[in-house]
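Open the model in your viewer and keep the selection panel at hand. The stops below say what to select next and what is there.

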Amino acid sequence: MKDLRFTKLVLFVNGLVPLALLLWDLWRKQVGANPLEFVTRTTGMLALVFLIISLAVSPLRRVTGLNWLIKFRRLLGLFAFFYGSLHLLTYVAFDRFFHLTTIPGDVLLRPFIAVGMTAFLLMVPLAITSTDKMVKRLGGRNWARLHTTVYLAAILGVIHYYMLVKSDTSRPVTFGFILALLLGFRLLVKYYKAPPVTSTSIVPPRQ
Ligand code: HEM
């Protein structure tokens, strides 16, 4: 596999661009009438987008045969977790004003918060076990099994989004559709086995 260090660096810098733009917009006060909502929504959207992109890596790799794409999946997943953490932080800071004791009550009161929180909590073990050392420690099979929960986290992320939009559901529905395609592809690869090659299906070479 070719040396991808530079490409990874480019991806890393690009992953930080949305954050830089957000900070820039905040600095210039170009964040609308409700800056707190703007920041919460932007970070939530970024978490979901990075999660979906990270899930698209494997199907893309299979379809294109570009095996090196897999090398970027971890970084993309970590960006999803990073923006998810910022999203949680903005909620704790601007919605709860750091009164942590009010969070359980809010989780019970607003189901979309409960769903978002569950999605985030599912992402925590994935981020913790993302290092090479942890992959080795868990063993490839266990690691892969654990990491299938990323789909559940993404599904809950989409449901969370769907639940919080008031009228126009087209965006969360679009995310749901893309996610269904990615999941469908994965299931197809897992359960569809190409029929075995039999002697009758082998065409003898022409003499
Ligand atoms: C950590 C627990 C979470 C909490 C407490 C939380 C809370 C919130 C809140 C308060 C909003 C703004 C709602 C509004 O303005 O009406 C929001 C929006 C959003 N959140 Fe979360 N969220 C959490 C986790 C997540 C996760 C894990 C994802 C994605 C995987 C996510 C994706 C989104 C999206 C896409 C939006 C809407 C963005 C938009 O309107 O453009 N959230 N969340």
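Which element gives the largest share of the shell around the ligand? Select the ligand and the residues around it to find out. The answer is α2, with seven residues. Keep in mind throughout that this is a predicted model.

**The whole chain**

Zoom out and colour by secondary structure. The protein has nine helices and zero strands, so a cartoon view will show the pattern α-α-α-α-α-α-α-α-α when read along the sequence. Along the principal axes, the C-alpha atoms fill a box of roughly 80 × 40 × 40 Å. The protein has 207 residues, and 30% of them are buried. Among contacts in the protein with a separation of 6 or more, 65% are between residues 24 or more positions apart.

**The iron atom**

Next, select the iron atom of the ligand. Which protein residues are its donors? They are His87 and His160, each through NE2, lying 2.0 Å from the iron atom. His87 belongs to helix α3 (residues 73-95) and His160 to helix α8 (residues 149-164), so the pair links distant parts of the chain, 73 residues apart.

Now look at the angles. Six donor atoms surround the iron atom of the ligand, and the angles they subtend run from 85 to 178°, which makes the arrangement octahedral. For comparison, ideal angles for six octahedral donors are 90 or 180 degrees.

Switch on the surface and return to His160. Is His160 buried or exposed? His160 has a relative accessible area of 14%, and is therefore buried, since the cut-off for buried is under 20%.

**The shell around the ligand**

Show the side chains of the 21 residues around the ligand; those that come nearest are Arg41, His87, Gly116, His160 and Leu164. Three distances are worth displaying here. A polar side-chain atom of Arg41 is 2.8 Å from an oxygen atom of the ligand. For His87, a polar side-chain atom lies 2.7 Å from a nitrogen atom of the ligand. In the side chain of His160, an N or O atom is 2.9 Å from a ligand nitrogen atom.

Colour the shell by element. Two or more residues each come from α2 (35-64), α3, α5 (111-128) and α8. Then colour the shell by residue type: twelve residues are nonpolar, six are polar and three are charged.

**Along helix α2**

Stay with helix α2 and select Thr43, which is found there. Thr43 has a relative accessible area of 2%, so this residue is buried. Leaving aside neighbours within four places in sequence, Thr43 is in contact with Leu22, Tyr83, Leu86, His87 and Thr90. One of these contacts, His87, is also a donor of the iron atom.

Move along to Ser54, also found in helix α2. Ser54 is buried, at 6% relative accessible area. Not counting residues up to four places away in sequence, Ser54 touches Arg73, Leu76 and Gly77.

**Helix α9**

Select Phe175 in helix α9 (residues 170-191). This residue counts as buried, at 14% relative accessibility. What does Phe175 touch, not counting residues up to four places away in sequence? The list is Met45, Leu48, Val49, Ile52, Val158 and Tyr161. Draw a line from Phe175 to Val49, C-alpha to C-alpha: they are 126 residues apart in sequence and 8.7 Å apart in space.

**Two loops**

Finish with the loops. Most residues other than glycine have a negative phi. Select Lys29, in the loop between α1 (5-27) and α2. Phi of Lys29 is positive, near 60°. Lys29 is exposed, with a relative accessible area of 69%.

Then go to the loop between α3 and α4 (103-109) and select Phe98. Phi of Phe98 is near 65°, again a positive value in a residue other than glycine. Phe98 is exposed, at 54% relative accessible area.

The loop between α3 and α4 also holds Leu100. Leu100 is exposed, with a relative accessible area of 53%. As a last distance, draw a line from Leu100 to Asp168: their C-alpha atoms are 32 Å apart in space, and the two residues are 68 apart in sequence.

Notes. Residues are numbered from 1 along each chain as its sequence is written. This is a predicted model: local features need pLDDT of at least 70, side-chain atom pairs count only at pLDDT 80 or more; totals for chains, interfaces and linings use all residues. Side-chain values use heavy atoms; hydrogens and water are left out. Donors are N, O and S atoms within 2.8 Å of the metal (3.2 Å for Na, K and Ca); water is not among the atoms, so sites may look incomplete. Four donors count as tetrahedral if all angles lie between 85 and 135 degrees; four count as square planar and six as octahedral if opposite donors are over 155 degrees apart and all others between 65 and 115; anything else is irregular. Helices (H or I, at least four residues) and strands (E, at least two) are DSSP runs, numbered from the N terminus. Buried means under 20% relative accessible area, exposed over 50%, partly exposed in between (1.4 Å probe, protein chains only). A residue is near a molecule or strand if one of its heavy atoms lies within 4 Å of it. A polar contact is a pair of N or O atoms within 3.5 Å; within protein, one must be able to donate a hydrogen and the other to accept it, and residues adjacent in sequence count only if both atoms are side-chain atoms. Ala, Val, Leu, Ile, Met, Phe, Trp, Tyr, Cys and Pro count as nonpolar, Asp, Glu, Lys and Arg as charged, and the others, Gly among them, as polar. Contact means heavy atoms within 4.5 Å.
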